[in-house]
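Biologist: Let's go through this one with the labels held up against their cut-offs. Can you show it to me before we start arguing?

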Amino acid sequence: MDAKNSPFLTRLDAVAAETETLLNQLLATKPIDAELARPPRLIEAMRYSSLGGGKRFRPFLVVESAALFGVPRQRALMAGAALECVHCYSLVHDDLPAMDNDELRRGQPTAHRKFDEATAILAGDSLLTFAFDILSREDTHPDAAVRIALVNALARASGVGGMAGGQMLDLAAEGRFGAQKHGETDVKMLQAMKTGALLRFGCEAGGVLASAKPHEREALERYGSAVGEAFQIADDLLDIEGDPALVGKQTGKDTAAGKATFVSVLGLAGAKTRLQQLVAEAENALATFGPNAAILIEGARFVADRRA
């Protein structure tokens with residue numbers, strides 16, 4: 001993808017910049033309104049873990065899916081910021097010694113290395129709960145029913161039937177609780193929960209914000225499912241073939257830990273073939289939106305081609 005001539009990258013960068021600005025405001029050191037004091041060390045750790053890095057692909061999905069229906073951009077950015085808070089919390093906790101025990105994230109020391117383990121845990125807890133604070137605000141949507149629907153959808157994508165549940169399946173697949181066998185179906189379920197659920201929410205949120213028709217929301221859900229699986233396969237491939245300097249963290253750890261991945265069950269060639277199939281599935285899912293979905297289709301290709 002030619003960065004100089006890519007409308008997709010221009011729009012991805014624009015959402016990233018706007019998300020950064022919004023998170024910086026939302027996570028101000030001093031409270032903007034009348035609320036209890038914000039402990040400086042906790043806010044510093046939250047800001048360290050959520051600002052100054054990342055492609056903001058998840059907020060991009062919210063903004064661009066909402067744009068299909070003409071949703072005001074600021075509302076989509078608020079929902080995207082909430083989603084990014086959940087994502088950043090998950091990275092903080094995934095990096096902890098009890099989980100993946102990583103020392104680098106986006107080329108910088110992980111939160112528990114920069115601060116300490118207890119502070120990192122609390123920063124993650126706070127980012128998770130702050131996400132629902134953001135979604136519940138009228139700035140996100142004036143209709144309380146829409147805000148409730150967003151809260152419900154993100155809670156399900158984040159919790160026991162989504163990302164947290166997928167993380168537990170991932171730990172089990174490593175053999176932490178006894179030897180386990182895992183095939184393609186098991187890995188697909190695990191990754192659809194651990195990685196795919198938040199990405200699907202990013203796509204579905206645009207339809208929720210717009211009170212879209214059922215068939216439109218179903219199309220976004222199918223697109224989100226394909227992108228979520230593609231994202232994880234690309235991640236698995238990067239762990240084997242990626243340059244640590246570009247990826248921003250140590251590679252090869254999944255194989256060493258015996259993690260259940262698409263590469264481990266499909267092989268390198270099979271995983272790459274499946275990746276291309278998913279891009280086609282993502283494109284087909286958006287057919288109902290016609291040319292208006294061109295940027296989201298480019299998003300699926302970006303996921304498949306990424307190097308970091």
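Modeller: Sure, and one term first: buried means under 20% relative accessible area, exposed means over 50%, and partly exposed is in between (1.4 Å probe, protein chains only). This is a predicted model, in which local features need pLDDT of at least 70 and side-chain atom pairs count only at pLDDT 80 or more, while totals for chains, interfaces and linings use all residues. Residues are numbered from 1 along each chain as its sequence is written, and side-chain values use heavy atoms, with hydrogens and water left out.

Biologist: Then which of Lys194 and Asp170 are buried?

Modeller: Both Lys194 and Asp170 are buried. Their side chains meet in a salt bridge, 2.8 Å from N to O.

Biologist: What makes that a salt bridge?

Modeller: The rule asks for a side-chain nitrogen of Lys or Arg within 4 Å of a carboxyl oxygen of Asp or Glu. At 2.8 Å, the Lys194–Asp170 pair passes. Lys194 sits in helix 9 (residues 184–210) and Asp170 in helix 8 (residues 163–173), so the bridge ties together parts that are 24 residues apart in sequence. Helices here are DSSP runs of H or I with at least four residues, strands are runs of E with at least two, and both are numbered from the N terminus.

Biologist: How many salt bridges does that rule give?

Modeller: It gives 17. Among them is Glu20 with Arg56, at 2.6 Å from N to O. That pair links distant parts of the chain, with Glu20 in helix 1 (residues 7–26) and Arg56 in the loop between helix 2 (40–50) and helix 3 (57–67), 36 residues apart.

Biologist: Why do Glu20 and Arg56 get their accessibility labels?

Modeller: Glu20 has 25% relative accessibility, between the 20% and 50% limits, so Glu20 is partly exposed. Arg56 is at 3%, under 20%, so Arg56 is buried.

Biologist: What about Gly70, and why that label?

Modeller: Gly70 has a relative accessible area of 59%, which is over 50%, so Gly70 is exposed. Gly70 is in the loop between helix 3 and helix 4. Its C-alpha is 9.9 Å from that of Leu209, although the two are 139 residues apart in sequence.

Biologist: Why call helix 3 largely enclosed?

Modeller: Because 10 of its 11 residues are buried. The buried ones include Phe57, Phe60, Leu61 and even Arg58 and Glu64. Their cover includes helix 1, helix 4, helix 9, helix 10 (214–241) and helix 14 (294–305), going by contact, meaning heavy atoms within 4.5 Å.

Biologist: And what makes a nonpolar core?

Modeller: You need buried Ala, Val, Leu, Ile, Met, Phe, Trp, Tyr and Cys residues, joined through side-chain atoms within 4.5 Å. The largest such core has 82 residues, and Phe57, Leu154 and Tyr223 touch the most other members. Helix 4 (residues 73–94) supplies the largest share, 11 residues. Leaving out neighbours within four places in sequence, Tyr223 has contacts including Leu61, Cys203, Leu286 and Ile297.

Biologist: Cys203, you say. How do you know that Cys203 has no disulfide partner?

Modeller: A disulfide is a covalent bond between the sulfur atoms of two cysteines. The cut-off here is 2.5 Å between sulfurs, and the closest to Cys203, in Cys88, is 18 Å away, so that is too far for a bond. Cys203 is also buried, since 0% is under 20%.

Biologist: How many disulfides turn up in the whole structure?

Modeller: Zero. Cys85 is in none either, its nearest cysteine sulfur being that of Cys88 at 6.8 Å. Cys85 has 1% relative accessibility, so it is buried too.

Biologist: Where is Asp95, and why does it count as buried?

Modeller: Asp95 is in the loop between helix 4 and strand 1 (104–105). Its relative accessible area is 3%, under the 20% limit, so it is buried. Beyond four places in sequence, Asp95 touches Asn101, Asp102, Arg105, Thr110 and His112.

Biologist: Last one: what makes the whole chain compact?

Modeller: The chain has 14 helices and two strands. Its radius of gyration, taken over C-alpha atoms, is 19 Å, and the globule rule (2.2 Å times the number of residues to the power 0.38) gives 19 Å for 308 residues, so the chain is as compact as a globular protein of that length. Buried residues make up 50% of the chain.
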